[in-house]
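Subject: Structure handover

Hi,

Here is the structure I promised to pass on. Please open it beside this message and follow along.

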Amino acid sequence: MTYLLKIAFCSMFVLPFTAAAVNSTALPDLGTNAFSSLSPEKEKIIGDMMLKQTRSQLPMVNDPLLDEYLHTLGQGLVAKAEGVRFPFSFSWVNSPEINAFAMLGGNIVSNTGTLAAADSESEFASVMSHEIVHVTQRHIARAVEAKSQNAPLTMASLLGSILLTIANPEAGMAGLMATQGVAAQQAINFTRSNEQEADRIGIQLLAKGGYDPYAMPEFFNKLSEKTRFSNTQLAFLYTHPLSQARISDSRVRAEQFERRFVPDSSDFALAKARVWARYQLKGKDALAYFQKKVATPGGNTKANQYGLALALFDSGDVSAAEQILLKLRAHDDKNLFYIDAMTDVYIQSGRTEKALQLLEQEYLLRPNNQVITLNYANAALAAKSERLALHLLKNLLYFKPDTYLAYEMLIDVYKSMNDMAKYFEARADLYYQLAIYPKAIDDINEALNRLAATDKLESRRLEAKKKQWQAEFTRLKQLN
């Protein structure tokens, strides 16, 4: 599916780390002294604030296929972890750099470049297990608590520095140290201690999750080799300092487990091909990359054929892409990666009815699957079946209210229906999900202005929604 998030979120004032999907009465006291002891409830709420703000500041990837893959892998590891205090979430940042980070509250984010660099699914899982352990061992929460003992903290000063550290490690660490007055050497030692613990328990989690525990030291060694003869350091290594001693230690810990051959899942190979075709490379570069891959002895795999089909489609050769996809689907017609790409082919070539026929059957089998539902709604919108698209999107948001693409598609559906009150409300809902309160409230006002004078009930509903958001916004500003 090629639908992309189009609204620009960076203009206007954005409150640092404001919450979106919480009501005002649920917020605990997060004032100056509240950070000295972070309960799981506080940690989860602050972590969700951080994730909402991250989504409005960083180039997040809203790709249903990649989301499904990351969610499945991540939750499989979480199910084997100890010390899980709250639900975890997993997200992508569109960046070719190798990096991943954990936030408070079980929110894990990986760059697309990390998956692209992994030579096996166990290597990628080793990064995710490492980040999961940072959360379960409360490394971030303990860092917050420790720093709150040195100086009074506010939401803006502490969390703003943490996000800056995540997004720009060099600038962020400098900001965090300057804000809190923590010596550089103390910060480095604390980080090393956390990293060693995350390695040790992460390797155990990797093995319990059914992956090769040796993948972690092998991935570490790969990262070390990448920077050995370079003047620049990988983003991952800024926030995860890596020494030869640490690599050796991780290798020793892995040797406590029996080495096993763990074949990569087909979804790993397809997700990696999708990352290379759509995010690491573009246009002719992606096409040349997969043409070379397929022509290499042993490289004519289903994943490389799929990547080539995406590259052909993106370069405008829809017919050639379709021929590859037809062959792939002949052996695996329920594969979500292939269904998604074939939907794009049908829509692009003007055969929306074929897309609808394909997706109607799949929707009956998997009604709550976001890949199927979003593609079905996209095909319905292309076929001018706005009522069908509206039904599909509302139903999906009922079960998965943080599906950002669904909000954006709702905006287009209402615009196509010329229902401008609903159009502005849908935009407001999307801004609200991203914690951009001023824009959300502005659009609710626009929605109110578009209502007819006789729409009293609808007007009261929107006024109530605006009042709730204004109360949340005021409450959150007070926390800073």
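Below is what I found, starting with the whole chain and moving to the details.

First, a caution: this is a predicted model.

**Overall**

The protein has 480 residues, and 55% of them count as buried. Its secondary structure comes to 23 helices and 3 strands. The accessible surface is about 20700 Å². Carbon and sulfur atoms hold 51% of that surface. Now take the contacts with a separation of 6 or more. Residues 24 or more positions apart account for 67% of them.

**The sheet**

How are the 3 strands ordered in the sheet? The order is S1-S3-S2. The sheet is open, and its pairing is mixed. S1 (89-93) and S2 (100-103) are the edge strands, so each pairs on one side only. From one strand to the next, the twist averages 20°.

Look at S2 beside S3 (residues 107-111). These two pair in the antiparallel sense, over 4 bridges. One pair to find is Ala100 and its bridge partner in S3, Ser110.

Two helices to look at next to the sheet are H1 and H4. Helix H1 (residues 40-57) packs on the sheet and touches S1, S2 and S3. Its direction makes about 30° with that of S3. Helix H4 (residues 121-136) lies across S1, S2 and S3. H4 runs at about 25° to S2.

**The core**

The largest nonpolar core has 136 residues. Which of them touch the most other members? They are Phe124, Met128 and Tyr306. Helix H20 (residues 404-416) gives this core its largest share, 9 residues.

Met128 deserves a click. Leave aside its neighbours within four places in sequence. Met128 is then in contact with Leu70, Leu73, Leu77, Phe90, Ala100, Ile108 and Ser110. Ala100 and Ser110 are the bridge partners from the sheet.

**A helix pair**

Last, go to helix H16 (residues 336-348) and helix H18 (residues 370-382). They pack at an angle of about 5°, and their axes are 10 Å apart. Why is H16 called roughly parallel to H18? Angles under 35 degrees count as roughly parallel, so H16 and H18 fit that label.

Which residues meet there? H16 brings Leu336, Ile339, Asp340, Thr343 and Ile347. H18 brings Val371, Ile372, Asn375, Asn378, Ala379 and Ala382.

Best wishes

How values were computed
Residues numbered from 1 in each chain as written. Predicted model: local features only at pLDDT ≥ 70, side-chain atom pairs only at ≥ 80, totals over all residues. Heavy atoms only, no water. Core = buried A, V, L, I, M, F, W, Y, C linked by side-chain atoms within 4.5 Å. Buried < 20%, exposed > 50% of the residue type's maximum accessible area, 1.4 Å probe, protein only. Contact = heavy atoms within 4.5 Å. Areas by Shrake-Rupley, 256 points an atom, 1.4 Å probe, with all protein chains shown as cover. Axes fitted to C-alpha atoms, helices over the stretch in contact; angles between N-to-C directions. Parallel < 35°, antiparallel > 145°, perpendicular 65-115°, else oblique.
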